[in-house]
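Colleague: Please take a close look at the charged side chains for me. Go step by step, and explain each term as you reach it.

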Amino acid sequence: MSIRWEVAAATDVGRVRQGNEDTYLVDAARGLFLVADGMGGHAAGEIASALAAETVGSALVRGVDGGLDGDGLTQALTESFHSAHAAIGARCEEDPNTRGMGTTLIALAVSTTGAYLMGHVGDSRAYLMRGGRLGQVTRDHTWVQDEVDAGRLSSSGARTHRFAHVITRALGADSRATPDLVAGELLPGDLILLCTDGLTGMVSDVRLRRILSAEVRLEELVTALIDAANGRGGTDNITVVLVRILDGTS
């Protein structure tokens with residue numbers, strides 16, 4: 001099987017924040033896509049997300065250009081997360097004003113064979129829309145998700161819990177820099193959504209599926225998602241990357 005893809009992406013400051021601490025990277029030619037959500041204040045979050053995106057993005061570019069796939073690309077992806085973690089720590093040592101900064105990160109590499117590899121840390125999410133069904137691919141590294149997994153909290157209760165935004169794993173902010181890895185196969189017609197919690201904290205999965213079901217251009221879907229988050233208050237920065245998988249033989 002051979003696939004190709006089309007991409008649309010955007011970031012928005014939202015309705016409350018003064019600055020945007022999100023970063024995204026789209027390298028459509030290589031099939032590389034990243035989303036990062038920084039934290040730390042005083043522009044430190046913006047620094048952390050940019051450092052992580054640059055470090056991981058550069059490593060993946062080198063890997064893809066060097067012909068890595070399978071185990072080789074998996075190792076390169078994992079090592080790049082550790083490198084990003086170290087780079088953020090080094091910047092914190094150099095500049096005391098940035099101490100405590102960190103970032104989520106989700107990275108996706110897609111091959112023309114249909115294979116994909118994803119690594120993530122934090123609560124930025126990946127979804128896969130296939131056959132009209134929307135499923136979350138990643139698992140949030142948050143306190144409330146741990147409580148849901150343990151059976152002490154319902155999924156609906158997690159959305160509104162006062163600790164909903166307490167992250168348990170982030171680059172730079174703790175010692176756990178190793179990403180969760182997900183690998184799989186993509187099919188023509190699939191739609192991948194990468195996003196920060198500025199979207200998912202405002203818009204339910206039910207509404208996400210409804211928006212993504214519209215048969216319109218990807219750019220219009222991106223705008224609709226951001227508008228939906230802002231329409232619910234836009235309390236955080238909102239970043240959206242959409243990748244639609246197409247038949248590579250047509």
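Modeller: Start with exposure: buried means under 20% relative accessible area, exposed means over 50%, and partly exposed lies in between (1.4 Å probe, protein chains only). Glu 220 is partly exposed, because its relative accessible area is 38%. This is a predicted model: local features need pLDDT of at least 70, side-chain atom pairs need 80 or more, and totals for chains, interfaces and linings use all residues. Residues are numbered from 1 along each chain as its sequence is written, and side-chain values use heavy atoms, without hydrogens and water.

Now look at the partner of Glu 220. Its side chain meets that of Arg 217 in a salt bridge, 3.4 Å from N to O. A salt bridge here is a side-chain nitrogen of Lys or Arg within 4 Å of a carboxyl oxygen of Asp or Glu. Arg 217 also forms a salt bridge with Glu 219. There the closest N and O atoms are 3.1 Å apart. Arg 217 is partly exposed, since its relative accessibility is 49%. Glu 219 is partly exposed too, at 39%.

How many salt bridges does the rule give? The count comes to 12.

Move to Arg 30. Its side chain meets that of Asp 27 in a salt bridge, with 2.8 Å from N to O. Is Asp 27 buried or exposed? Asp 27 is buried, because its relative accessible area is 14%. Arg 30, with 30%, is partly exposed. This pair does not stand alone: Asp 27, Arg 30 and Asp 65 are linked in a network of salt bridges.

Next come charges that gather on the surface. Arg 159, Arg 207, Arg 209, Arg 210 and Arg 232 form a patch of positive charge there. Patch members have over 30% relative accessible area and no salt bridge, and like charges are joined within 9 Å. Areas come from the Shrake-Rupley method with a 1.4 Å probe. Lys and Arg count as positive, and the charge of Arg is placed at CZ.

Which element gives the most to this patch? Helix 6, residues 205–212, does so with 3 residues. Helices are DSSP runs (H or I, at least four residues), numbered from the N terminus. Arg 209 lies in helix 6. Arg 209 counts as partly exposed, because its relative accessibility is 35%.

So keep two pictures in mind: Arg 217 pairs with Glu 219, while Arg 209 joins other arginines in the positive patch.

Conventions: Patches are made of residues with over 30% relative accessible area and no salt bridge: like charges are joined within 9 Å, nonpolar side chains (Val, Leu, Ile, Met, Phe, Trp, Tyr) within 5 Å. Helices (H or I, at least four residues) and strands (E, at least two) are DSSP runs, numbered from the N terminus.
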